[in-house]
There are 2 protein chains.
Amino acid sequence: MTDELLMIPGPTNLAHRVAEAMSKPQLGHLDPRFLENFKETLNLTRYLFVNYSGTPFVISGSGTVGMEASIVSLIEPGDKVLCLDTGYFGKRFVDLATIHGAKVDVLNFETGKHADPSVVDEKLSRDNYKAITITHVETSNGLSNPIKDLVKIARKHDVYTIIDSVAAVGGCELNFDQLGADIVITCSQKVIAAPPGATLLAVSKRALDAFENRKTPIRSYYMNLARWRKFMEEPGIYLATPSIQILLALHEALLMVKEEGLENRWRRHRIIADAIRAGLGALNLSIVAEEGYRANTVTGFYTPEGKAFDICSMLRDRYKIHVAQGLGDLKGKILRIGHFGNITSKETVALLSALEISLRSFNVDVKRGSAVKAAMPYLEELV
Amino acid sequence: MTDELLMIPGPTNLAHRVAEAMSKPQLGHLDPRFLENFKETLNLTRYLFVNYSGTPFVISGSGTVGMEASIVSLIEPGDKVLCLDTGYFGKRFVDLATIHGAKVDVLNFETGKHADPSVVDEKLSRDNYKAITITHVETSNGLSNPIKDLVKIARKHDVYTIIDSVAAVGGCELNFDQLGADIVITCSQKVIAAPPGATLLAVSKRALDAFENRKTPIRSYYMNLARWRKFMEEPGIYLATPSIQILLALHEALLMVKEEGLENRWRRHRIIADAIRAGLGALNLSIVAEEGYRANTVTGFYTPEGKAFDICSMLRDRYKIHVAQGLGDLKGKILRIGHFGNITSKETVALLSALEISLRSFNVDVKRGSAVKAAMPYLEELV
């Protein structure tokens with residue numbers, strides 16, 4: 001913990017071995033050693049998503065590239081798309097689908113409220129949608145949507161599902177094979193705790209077929225998942241030079257996920273999230289996401305009025321702990337904690353105690369030690 | 001030289017300080033230290049392209065992303081585009097422009113022959129083109145096109161110019177301010193000798209205006225240069241998480257370009273290219289690109305029949321020197337040497353002597369020491 005502690009919602013601190021994987025001598029993109037490593041990365045990506053029924057994709061680019069590639073590959077101009085807007089990144093799907101010529105309907109949900117499956121059911125039954133976009137965990141506020149129920153409803157209406165699980169995969173329960181979704185997207189610098197620069201996707205057979213059976217060609221070269229599919233099946237072909245170092249680091253980070261075990265990792269994230277929520281509660285800070293729909297990876301909380309920037313600065317300057325401001329409308333009102341990746345109890349108590357002192361220094365009436373005390377029952381569960 | 005020597009046309013071996021820049025503790029993408037570093041990178045990118053008249057862009061992604069972003073931002077569906085096809089990457093522009101709805105005409109030139117300005121002049125005068133795509137240095141064969149003449153002709157016809165200078169910028173003479181082109185594209189892992197994962201562009205005011213004055217919206221989020229323009233002017237805004245480590249390494253590599261001096265760097269690349277061409281000549285290996293149009297960064301040469309794979313393997317396995325196979329039709333017929341980045345005389349003689357021994361081992365009649373001997377007069381010029 002001598003380094004600065006990143007508890008923003010990505011990127012995270014890197015494990016030493018992950019950073020080290022980037023500093024090996026440069027390999028060529030067609031070097032058999034790199035290609036072998038990449039094939040392993042694809043297998044580890046299957047493990048990460050529990051995706052043995054569909055195809056894993058790993059592409060150089062941000063989560064946004066993964067989202068845009070999903071839209072442009074699946075959606076044809078004129079297709080009807082329903083976007084569930086539960087925050088900043090829900091809106092990004094609205095932008096993407098609109099840009100790519102879809103007829104977009106948006107279901108807006110109040111800040112912190114989950115996408116209500118019955119409302120979605122109603123909406124899907126009233127029109128003929130090709131696809132629905134869902135944000136699993138809203139990085140911008142810490143909401144966790146009920147993806148199992150939402151996918152079930154979409155399947156009932158025979159609607160393709162595209163899920164932004166950027167801030168969830170690897171930390172929140174997600175079993176692609178059981179879920180029945182069509183495309184689930186994440187990226188390297190969130191829960192996987194690799195450096196930014198790669199997007200990872202799980203794509204169903206059904207979606208792959210849809211790419212092939214379009215009436216119009218896919219209007220992108222780099223974002224064309226049908227093109228990348230060939231690379232995922234035979235990584236030796238040349239499409240574009242991948243970000244080799246980032247992919248080597250990703251490989252190492254995915255190995256760490258496998259070593260910990262996916263279910264253990266979900267459990268660790270759940271316990272730490274419980275601890276953080278309890279700590280925030282003891283500090284009388286209210287959480288943006290409604291109860292029952294709070295992410296185990298990101299928590300947004302309202303600060304005492306006008307104090308968001310000051311608290312953020314004090315955490316950073318005095319304690320070398322980074323948390324994030326709100327995005328869009330929530331800027332200046334909330335702070336966001338990313339509690340994912342390699343976070344353990346020591347980072348959790350460091351954050352909670354620093355937050356408590358910051359509040360006290362701004363004359364907020366909170367009891368000394370209360371945040372960590374409230375977190376302790378949960379942290380004791382961590383083994 | 002204990003490490004393997006990469007003389008493929010990118011990526012290159014990294015300088016220690018460039019590799020080291022990637023291994024610092026992870027920074028957030030909105031951290032002021034990263035943003036300061038990025039602003040410097042943009043200034044260094046101005047220096048690299050000699051672009052003080054237009055806007056520098058640095059975006060996470062491969063050279064292909066830079067090419068596609070240029071096409072999708074400048075070209076509207078139905079626009080007429082003339083693509084000069086002088087090889088594999090010339091054809092890539094044909095694909096990109098076609099995918100994005102342009103009416104594409106292609107001028108094909110024989111392998112190794114440059115795009116003839118008078119032919120281009122003739123063609124442009126016969127129709128109303130919006131833009132022309134030009135490959136500066138064809139990575140696939142080592143041809144260098146006469147971009148000054150080609151741009152002059154395009155300007156005469158009031159046609160926008162998009163130049164793939166992926167394998168040239170930093171090693172071949174290019175002065176964006178004087179050239180008068182609209183978009184020039186390169187990427188991190190070629191002559192700049194940074195790791196792969198960033199594309200760098202110089203964009204003219206004229207092109208920026210064209211982005212704003214389109215009749216139809218730009219059909220991409222991530223590839224939309226008008227959107228990225230805002231980021232280049234104010235790097236603190238959030239569009240997508242950049243590949244932070246790659247950009248830090250790029251910054252360091254660009255510092256090295258500036259320390260060497262752009263004109264010194266062009267000179268070094270010219271001398272080494274002369275040395276390599278002389279060495280190949282002494283080995284009776286014929287160069288793919290015609291005389292007078294040979295790149296100072298990449299050289300493709302025909303191998304004795306059927307020996308391309310064997311020579312490549314021997315260079316790799318016995319001498320730890322990597323050169324590249326041909327792409328597309330040229331696979332198995334030629335080999336390609338990337339002589340750019342941090343290449344000096346010691347790598348040059350290492351390659352030439354290893355190539356000579358390889359040829360002799362396959363019973364090709366070449367005199368001992370002839371390749372290096374032919375290269376020496378040039379290498380002596382390097383100071």
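Let's begin with the cysteines of this predicted model: a search through the whole structure turns up zero disulfides over all chains. Take Cys83(B), which is in no disulfide. The nearest cysteine sulfur to Cys83(B) belongs to Cys187(B) and is 19 Å away. Cys83(B) has 0% relative accessibility and therefore counts as buried. Cys172(B) tells a similar story: its closest cysteine sulfur, again in Cys187(B), is 13 Å away, which is too far for a bond. For a disulfide the two sulfur atoms would have to be within 2.5 Å. Cys172(B) also counts as buried, at 7% relative accessibility.

With the cysteines settled, let's see how the two chains are arranged. Two copies of a chain are related by a rotation about an axis and a shift along it. Here, a turn of 180° and a shift of 0.0 Å along the axis lay chain A on chain B, with an RMSD of 0.0 Å. That is how a two-fold axis relates its copies.

How many residues of each chain take part in the contact between chain A and chain B? There are 48 from chain A, in contact with 48 from chain B. Of the interface residues of chain A, 100% are also interface residues in chain B, so the copies meet through the same surface.

The size of an interface is often given as the accessible area lost when the parts come together. Between chain A and chain B, about 3700 Å² is buried, and carbon and sulfur atoms give 60% of that area. Which three residues supply more than any other three of the area that chain A buries against chain B? They are Gln26(A), Arg219(A) and Tyr221(A), which together supply 16%.

The polar side of this interface deserves a look as well. Between chain A and chain B there are 16 residue pairs in polar contact, counting pairs with both residues at pLDDT 80 or more. As for secondary structure, the elements giving two or more residues to the side of chain A that touches chain B are helix H3 (63-74), helix H4 (88-99) and helix H10 (244-260) of chain A. H4(A) has the largest share of that side, with five residues.

Two salt bridges are found across the interface of chain A and chain B. In one that joins the chains, Glu4(A) pairs with Arg33(B), and their closest N and O atoms are 2.7 Å apart. Glu4(A) and Arg33(B) also belong to a network of salt bridges that takes in Asp31(B).

Now widen the view from the interface to the whole structure, where the count of salt bridges comes to 42 over all chains. One of them joins Asp127(A) to Lys80(A), with the closest N and O atoms 2.7 Å apart. This pair links distant parts of the chain, 47 residues apart: Asp127(A) is in the loop between helix H5 (117-126) and strand S5 (131-135) of chain A, while Lys80(A) is in strand S3 of chain A. Both partners are partly exposed, Asp127(A) at 33% relative accessibility and Lys80(A) with a relative accessible area of 21%.

In chain B, the side chains of Arg206(B) and Asp158(B) meet in a salt bridge at 3.0 Å, N to O. Arg206(B) lies in helix H8 (residues 205-212) of chain B and Asp158(B) in the loop between helix H6 (147-156) and strand S6 (160-164), so the pair ties together parts that are 48 residues apart in sequence. Arg206(B) is partly exposed at 23% relative accessibility, whereas Asp158(B) is exposed at 54%.

Another salt bridge of chain B pairs Arg265(B) with Glu260(B), their closest N and O atoms being 3.1 Å apart. Is Arg265(B) buried or exposed? With a relative accessible area of 2%, Arg265(B) is buried, while Glu260(B), at 23%, is partly exposed.

Our last stop is Asp79(A), in the loop between H3 and strand S3 (80-85) of chain A. Asp79(A) is buried, with a relative accessible area of 14%. A polar atom of the Asp79(A) side chain lies 2.7 Å from the backbone nitrogen of Glu76(A). Leaving aside residues up to four places away in sequence, Asp79(A) touches Leu74(A), Ala102(A), Lys103(A) and Lys130(A).

Conventions
Residues are numbered from 1 along each chain as its sequence is written. Chains are lettered from A and ligands numbered from 1 in the order in which they are written. This is a predicted model: local features need pLDDT of at least 70, side-chain atom pairs count only at pLDDT 80 or more; totals for chains, interfaces and linings use all residues. Side-chain values use heavy atoms; hydrogens and water are left out. Copies are superposed by least squares on the C-alpha atoms of residues with pLDDT of at least 70 in both. Contact means heavy atoms within 4.5 Å. Buried means under 20% relative accessible area, exposed over 50%, partly exposed in between (1.4 Å probe, protein chains only). Buried area is the accessible area (1.4 Å probe) that two parts lose on being put together, summed over both. A salt bridge is a side-chain nitrogen of Lys or Arg within 4 Å of a carboxyl oxygen of Asp or Glu. A polar contact is a pair of N or O atoms within 3.5 Å; within protein, one must be able to donate a hydrogen and the other to accept it, and residues adjacent in sequence count only if both atoms are side-chain atoms. Helices (H or I, at least four residues) and strands (E, at least two) are DSSP runs, numbered from the N terminus.
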